[in-house]
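Open the model in your viewer and keep the sequence panel visible. The stops below each give a selection to make and a note on what is there.

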Amino acid sequence: MSRQPLIGIPACARTIGPRWLSHGTDEQYVHAVAGYTGGLPILIPPAGAADVADLARQLDGLFLSGSPSNVAPHHYGATADPAKAETPGENDHGRDAVMLPLIRAMIAAGKPLLAVCRGHQELNVAFGGTLHQAVHQVPGNFDHRPQRQLPREAMWAPRHDVIFAGNGVLHRLFGVERLTVNSLHSQAVDRPGERIIVEARAEDGVIEAIRVDGAAFAIGVQWHPEWRIEDQPMSQALFGAFGQACRDALAATARRAA
């Protein structure tokens with residue numbers, strides 16, 4: 001009997017008191033992967049000694065979750081600007097050390113990848129792209145940050161449209177030209193990296209979805225499709241397509257081993 005695909009999820013370093021004391025992720029990410037991909041979520045701790053080549057061989061897919069932390073700016077040739085950062089100094093260097101090379105190893109191994117929010121930004125940085133540290137300070141952009149004065153349900157509710165690139169992967173998957181999504185980010189993709197193709201933009205031009213050119217399945221979205229996924233057919237379709245790509249990767253691995 002064939003096994004479930006193993007889908008890695010970053011376990012982020014979390015601050016409890018004055019020290020990093022725990023590794024974990026939000027339940028909504030695990031729920032979406034476990035419930036809508038057919039895969040088994042496997043948390044990957046932010047330990048820089050991880051053998052990413054071995055991880056890429058063992059995993060059948062990688063889901064890059066969101067996080068309160070940001071990708072450290074030196075990974076894309078920038079300097080942290082405390083005046084711009086929504087969460088100044090809120091970096092997770094352990095996650096960067098594991099996930100950035102693991103992204104490249106997974107793509108090189110032909111394994112599928114789905115990324116949201118911070119993960120979407122990581123995907124771009126992994127291929128040499130850059131980020132806006134304060135997207136709301138860019139002239140012409142509206143404020144994409146979470147409206148923290150609102151109740152949680154309202155803060156995570158759909159807020160603005162994204163427009164899909166014609167004949168892109170997401171345009172074909174969803175079958176629509178526009179989709180209303182939630183918006184909870186202060187940073188965003190600036191210059192797309194090598195092999196990074198823009199799949200969708202917000203109405204103000206902010207890049208909201210990307211893919212890796214030539215990859216079997218490597219999609220990043222700036223919004224949070226995992227939120228209330230049970231009520232969102234489009235989000236279910238996205239996670240379902242990712243899950244099918246993971247099953248295909250598992251089957252390909254089994255054929256090579258036979």
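Select cysteine 117, which sits in the loop between β6 (113-116) and α4. Helices (H or I, at least four residues) and strands (E, at least two) are DSSP runs, numbered from the N terminus. Cysteine 117 has a phi near 50°, a positive value in a residue other than glycine. It counts as buried at 8% relative accessibility; buried means under 20% relative accessible area, exposed over 50%, and partly exposed in between (1.4 Å probe, protein chains only).

The model is predicted: local features need pLDDT of at least 70, side-chain atom pairs count only at pLDDT 80 or more, and totals for chains, interfaces and linings use all residues. Residues are numbered from 1 along each chain as its sequence is written, and side-chain values use heavy atoms, with hydrogens and water left out.

Next, select helix α4. Nine of its nine residues are buried, so α4 is largely enclosed by the rest of the structure. Among these buried residues are Arg118, His120, Glu122 and Asn124. Just after α4, glycine 128 takes a positive phi of about 90°.

Keep α4 and add helix α3. How do the axes of α3 and α4 cross? The axes of α3 (residues 93-108) and α4 (residues 118-126) come within 9 Å and cross at roughly 65°. Axes here are lines fitted to C-alpha atoms, for helices over the stretch in contact, and angles run from 0 to 180 degrees between N-to-C directions. The crossing is right-handed, meaning that the near helix is turned clockwise from the far one by less than a right angle (anticlockwise would be left-handed).

Show the side chains where these helices meet. On α3 they include Met99, Leu100 and Ile103, and on α4 they include Leu123, Val125 and Ala126. Contact means heavy atoms within 4.5 Å. The residues of this contact divide into six nonpolar, one polar and five charged. Ala, Val, Leu, Ile, Met, Phe, Trp, Tyr, Cys and Pro count as nonpolar, Asp, Glu, Lys and Arg as charged, and the others, Gly among them, as polar.

Select valine 71, in the loop between β5 and α3. Valine 71 is buried at 0% relative accessibility. Not counting residues up to four places away in sequence, valine 71 touches Tyr76, Asn91, Asp96, Arg118, Glu122, Val125 and Leu131.

Now select tyrosine 29 and phenylalanine 63, for a look at the aromatic pairs, of which the structure holds five. The ring centres of tyrosine 29 and phenylalanine 63 are 6.0 Å apart and their planes lie at 50°, so the pair is tilted. Rings of Phe, Tyr and Trp (its six-membered ring) pair if their centres lie within 6.5 Å; planes under 30 degrees apart count as stacked, over 60 as edge-to-face and the rest as tilted. The pair links distant parts of the chain, with tyrosine 29 in helix α1 (residues 27-36) and phenylalanine 63 in strand β5 (residues 61-64), 34 residues apart. Tyrosine 29 is buried at 3% relative accessible area, and phenylalanine 63 is buried at 0%. Add Phe239 to the selection: Tyr29, Phe63 and Phe239 form one aromatic cluster.

Finish with asparagine 167, in the loop between β8 (160-164) and α6 (169-174). Is asparagine 167 buried or exposed? Asparagine 167 is exposed, with a relative accessible area of 59%. The phi of asparagine 167 is near 65°, a positive value in a residue other than glycine.
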